[in-house]
Amino acid sequence: MTNRSPAPEPTVIAVDAMGGDHAPRAVVEGALLAAQERGLRLLLVGRRDDLEREIEELESVVADLDRIEIVHAREVVGMGESALAVRRKRDSSVRVCARLVREGRAAAMLTAGNTGAALVAGKMVIGVAPGVDRPALAVVLPRRDGSTILLDAGANVDSKLHQLRQFAVMGHYLAEQLLRLESPRIGLLSIGEEVGKGTELVREVFKALDATGLNFVGNVEGGDVFNGAVDVVVCDGFVGNAILKSAESLGEFVSGQLRQEMGSTWRARCGYLLARPAFERFKRRLDYSEYGGAPLLGLRGGCFVAHGRSSAHAIHSAVRRAVEFCEAGIHLKVSAKLAEVAYETRSKAVVAG
């Protein structure tokens, strides 16, 4: 008789069912779709009565309900509320998600709600990794020959010099783990490639990044995000979020124009039918719902933020991405590297005097 290995424990994700423009319906439907996949378990966090009603009305979506557990949270932090509302709303869905991660009941949390509230809940409840002042939202954007990591994509609108330096370190280690690059090229977003371009803060950050020992290649411009000039682009959250939203809008515009042109004449329609697989692949590379959520790096546990307009498909994709990150331990490896850097920095400071 052979001894069978015990079945691996499923990865548990806490999903903020009340966050997002289309919550709770889209979030619940996305969770039900995700629950069709093996190897995961979901904690659906929100008002129990609302969530049970949504699940009942979505009976056409076939799901393994044994993989879903509802965790009641009576409060919600609205999209228009201050991020600090999460401090007084102790039983809000986003804060309960963070608590589930801190208690070890979930490997990561996912929210499509108020990004600022997710940042505050992550810092306050999950806690930041040693050496990190502020977590950063890292998005992976498509380019001609692979992917580029952009951070911060919206978690911090007014970053300081040392925080931008930390974002570069986070981006370096994320690119190592995620893109499998030994020495990822890091660029600082500015209004020109020349040294001395940009605001006073950008010029100071340039000097700081040049002294980090990372593969810092200098200033980059907006077009370099998509042309493969660098692997990591560092900027503050205000600019990063503007780039992200512009890219999403441009992708939707291009896809819409192609669809309109392909249906304009019978010849174009015939051509579309022949080229349809290529167009579908093109559309998937531009569609944010295929990527789902982005990790909030620098925390002691997993935290993923999805687009506020997320559809059920986007939530499904975000859950899948969160599971992949957690199973590979990518966010934890990045946090561990940051802790090492912080320790070495402190040690050098002590030796120096």
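Reader: Which residues of strand β7 (residues 186–189) point one way, and which point the other way?
Author: A word on the model: this is a predicted one, in which local features need pLDDT of at least 70, side-chain atom pairs count only at pLDDT 80 or more, and totals for chains, interfaces and linings use all residues. Residues are numbered from 1 along each chain as its sequence is written, and side-chain values use heavy atoms, leaving out hydrogens and water. Strands (E, at least two residues) and helices (H or I, at least four) are DSSP runs numbered from the N terminus, and in a regular strand the side chains alternate between the two faces of the sheet. In β7 all are buried (under 20% relative accessible area with a 1.4 Å probe, protein chains only), with Ile-186 and Leu-188 pointing one way and, the other way, Gly-187 and Leu-189.

Reader: Nice start! Which residue in β8 stands opposite Leu-188?
Author: Strands count as paired if DSSP finds at least two bridges between them. β7 and β8 (residues 216–220) run parallel and are joined by four bridges. Here Leu-188 lies opposite Asn-219.

Reader: And which helix joins β7 and β8 in a right-handed β-α-β unit?
Author: Right-handed means that, with the strands pointing away from the viewer, the path from the first strand over the helix to the second runs clockwise. For β7 and β8, the helix in that unit is α7 (residues 200–210).

Reader: How many residues of strand β1 (residues 11–16) are buried?
Author: Thr-11, Ile-13 and Val-15 point one way, while Val-12, Ala-14 and Asp-16 point the other way. Both groups are buried, so β1 is largely enclosed by the rest of the structure, and the count is six of the six.

Reader: Which residues stand opposite Ile-13?
Author: β1 pairs in the parallel sense with β2 (residues 40–46) over six bridges, and with β4 (residues 108–111) over three. Opposite Ile-13 stand Leu-42 in β2 and, in β4, Ala-108.

Reader: How far apart are the end C-alpha atoms of helix α12 (residues 330–352)?
Author: The expected span is 1.5 Å times one less than the number of residues. With 23 residues, α12 should therefore span 33 Å. Its end C-alpha atoms agree with that, at 33 Å.

Reader: Where in the chain is confidence lowest?
Author: pLDDT is the predictor's confidence in each residue, from 0 to 100, and the chain averages 89, with 95% of residues scoring at least 70. Confidence is highest in α4 (residues 93–102), at 98. The lowest mean, 73, belongs to helix α10 (residues 266–286).

Conventions. Buried < 20%, exposed > 50% of the residue type's maximum accessible area, 1.4 Å probe, protein only.
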